[in-house]
Amino acid sequence: MNDPEIYRSLLPFYAVMVSLIAALFIMLSSRHSNLREFWTLAASVAKFSFVLMLLPGVLAGRVAEFTFWDISPGISLTLKADCFGVFFALVSSGLWMLTSIYSIGYVRGLNEHKQTRYFASFAICLSATIGIAFSANLLTFIFFYEILTIATYPLVIHKETNEAISAGRKYLAYTLTAGVLLIAATAWTYRLAGTLDFKAGGIFGNLSLQPFTVSVLFLLFIGGVGVKAAIMPLHSWLPAAMIAPTPVSALLHAVAVVKSGVFGVVRVVGFVFGPQVMRQFDLNFILSVVAGATVILASLLAFRQDNLKQRLAYSTVGHLSYIVLGAALLSPASLVGSLMHIANHATMKITLFFCAGALYVTHHKEKISELDGIGRAMPWTMGAFTIGALGLAGIPPINGFVSKWQLGLGSLQSGAMLPLAVLLLSGLLNAGYFAPIIYRAFFKDPPLPYEKKEASPAMVIPLVITAILSVIWGLYPDLFLNFYSLASKVSGSILAGMTGT
C-alpha cells in the first residue's frame, strides 16, 4: 500500500481549537444562558464541519498535518488527520452536536446549578478528544489525553454530593495513574525506537527486542490506555462515575472518554507494536483473553444492576472490549469490525443514555424495577431505547449487527473459534439483561397510572435521531460519512504495514 500524501493544513488545528475558544466565550457569557448555549451549539457545528472537510482528502489518500511545536528532532506536538483519526473525529464531533442540544433540554428541565462550568468543561473535553483523534505521535496523544482527564473531572463531580466527590476522586486516581504509565511507556519507546510517530503496521517491526522488554512495555501501554477503555480489572471507576448527569454519562460512554481509551488501544496495537510484533510475542493472545473475559464478566455483572445507568455502564464495559478483541485478532474483518463498533456502539449507547436521562427528567425514574408501563407514557423514548437495546444484542437491521458480523468473520479469518463463541454468548447475555427492561416498559401495568408525557423536544429529538441513525447505518454502513470505507482503509494500512506491501 502506498504511503498517503501528507500536506500542510490548518483544518486539524481549527477542529481542535474551535471548542476551546468557545469554552472561553461560554465562561464570559455566564449571566446570559441563551448566549452561553449559542456558543455551545455554534462550536459543535463548526467542529463537525471542519472534520467533515477532511473526509474527502483521507478517502483520496491525502493526510492533513499541522505542527504546533518542534521540540527536538523526532519529537514534536503535531496533529495529523489520517483515516483512523478522521473516523474517530467524525463520531465524536457528530454526536457532540446532538449531545449539546440534549444537554440544553436536560439542564433546563432540572434547573441544574453551575451550568456555565458544565458547558465549558464539555467544550474543553471535545477539544481534547479531537486532539487525541488527530495526534500524530505518542507525545501529542498524551498531551491531549491528560487534558481530557482533567476536563472531565468537573463533570463527574457536577452534583457535588459526597458520592459525586468520591466518584471524582476514584476517576482521577485511576486515570492519572494511567497517565503516568503511558508517559513511562512513551519514554521507553523513544529510547528503543528513536521515534514517537504513529506508523501503520507499527514502529518496532525492524528492531531486535527481548521478550521481557516487549512484554513489560506492552503492559505499561495497556495499563495506560486500558483504564479509559475500562478493561477489567481497570474498569471500576466507570460505574462509579454514573453519579454524573446523564449527558455526562453519554460523553463518558459514547462520545469521548472511553472511546478515547479504545482508540488508544487500537493505536498501540496497530500503530506502535504492529501485527508482526503482536504475533511474534503472543501479545495478541494475551489481549484477546483479557478482552474476552471482560466481555463475559461485564455482561454477567449487568444483570445484577437495578439502577438503569449502572446496567448501561456494565454494558459499556463489555462492548468496549468487543473493540479491543477485534484489534487483538488482527485479521482484516476483525479490524474493520473493531473500528465499526466504535461508531456503532456510540450511536446505540448514546441513545440508551439519552433515554435514561429523559426518564429521569420527566418521571424521576432511575431504577429498572420502577419502569413498569413507562413505555405507554413515553412511547418515543422507550421505542428509541428498544432500538438501541436490540442493536447492542446484535439484532439486524440495527448497526450493532454489522460490527458483530465483521468481528465474527474476523474470528473465523484468524482461525480462533473461542472469540466467536464469546461474541455469540455475549449477544445472548445482552438480550438477557435488556429484555426485562423492554418487557416492563411495554407489557407490565404500573402501580399507578402515568401521565402520558414525553421529555422536552430538545431531549426527545436527539434520542430519536440517534436511534434512526443506528438503523440507517445498520442497513447502509457507508452512508453519509463513509464509516465502512474508512474502517477498511485503516485495516488495510495496518496489515499492509506489517507485510511492507
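**Exercise 1.** Is Lys 114 buried, partly exposed or exposed, and what is its relative accessible area?

*Solution.* The structure is a predicted model, and the residue is first placed in its chain: Lys 114 sits in the loop between α3 and α4. The next step is to take its relative accessible area, which is 44%. Because buried means under 20% and exposed means over 50%, with partly exposed in between, Lys 114 counts as partly exposed. One further feature belongs to this residue, namely a phi near 50°, which is a positive value in a residue other than glycine.

**Exercise 2.** Find where Asn 111 lies, and decide whether Asn 111 is buried or exposed.

*Solution.* Begin with the location: Asn 111 is in the loop between α3, which covers residues 83-110, and α4, which covers residues 115-133. Then turn to the surface, where a relative accessible area of 64% makes Asn 111 exposed. Finally, consider the backbone, since the phi of Asn 111 is near 50° and therefore positive, although the residue is not glycine. As background to this step, most residues other than glycine have a negative phi.

**Exercise 3.** Describe the open sheet of 3 strands, starting from its strand order, and state which strands stand at the edges.

*Solution.* The strand order of this open sheet is β1-β2-β3, and its pairing is mixed. From this order one reaches the edges, where β1 (5-8) and β3 (75-81) each have a single partner strand, so that one side of each is left without a neighbour in the sheet. The twist from one strand to the next averages 40°. Looking at one pair in detail, β1 and strand β2 (residues 62-72) run parallel and are joined by 4 bridges. Within this region, Arg 8 stands opposite Glu 65 in β2. To complete the picture, add helix α1 (residues 11-28), which packs on the sheet and touches β2 and β3, with a direction that makes about 95° with that of β3.

**Exercise 4.** Identify the residues joined by a cis peptide bond with omega about 10°, and those joined by one with omega about 5°.

*Solution.* For the omega of about 10°, the cis peptide bond is the one that joins Met 232 and Pro 233. Pro 233 is in the loop between α7 (211-226) and α8 (237-240). For the omega of about 5°, the cis peptide bond is the one that joins Pro 396 and Pro 397. Pro 397 belongs to the loop between α15 (379-392) and α16 (399-413). For context, most peptide bonds are trans.

Technical notes: Residues are numbered from 1 along each chain as its sequence is written. This is a predicted model: local features need pLDDT of at least 70, side-chain atom pairs count only at pLDDT 80 or more; totals for chains, interfaces and linings use all residues. Side-chain values use heavy atoms; hydrogens and water are left out. Two strands pair if DSSP finds at least two bridges between them. Helices (H or I, at least four residues) and strands (E, at least two) are DSSP runs, numbered from the N terminus. Axes are lines fitted to C-alpha atoms, for helices over the stretch in contact, and angles run from 0 to 180 degrees between N-to-C directions. Contact means heavy atoms within 4.5 Å. Buried means under 20% relative accessible area, exposed over 50%, partly exposed in between (1.4 Å probe, protein chains only).
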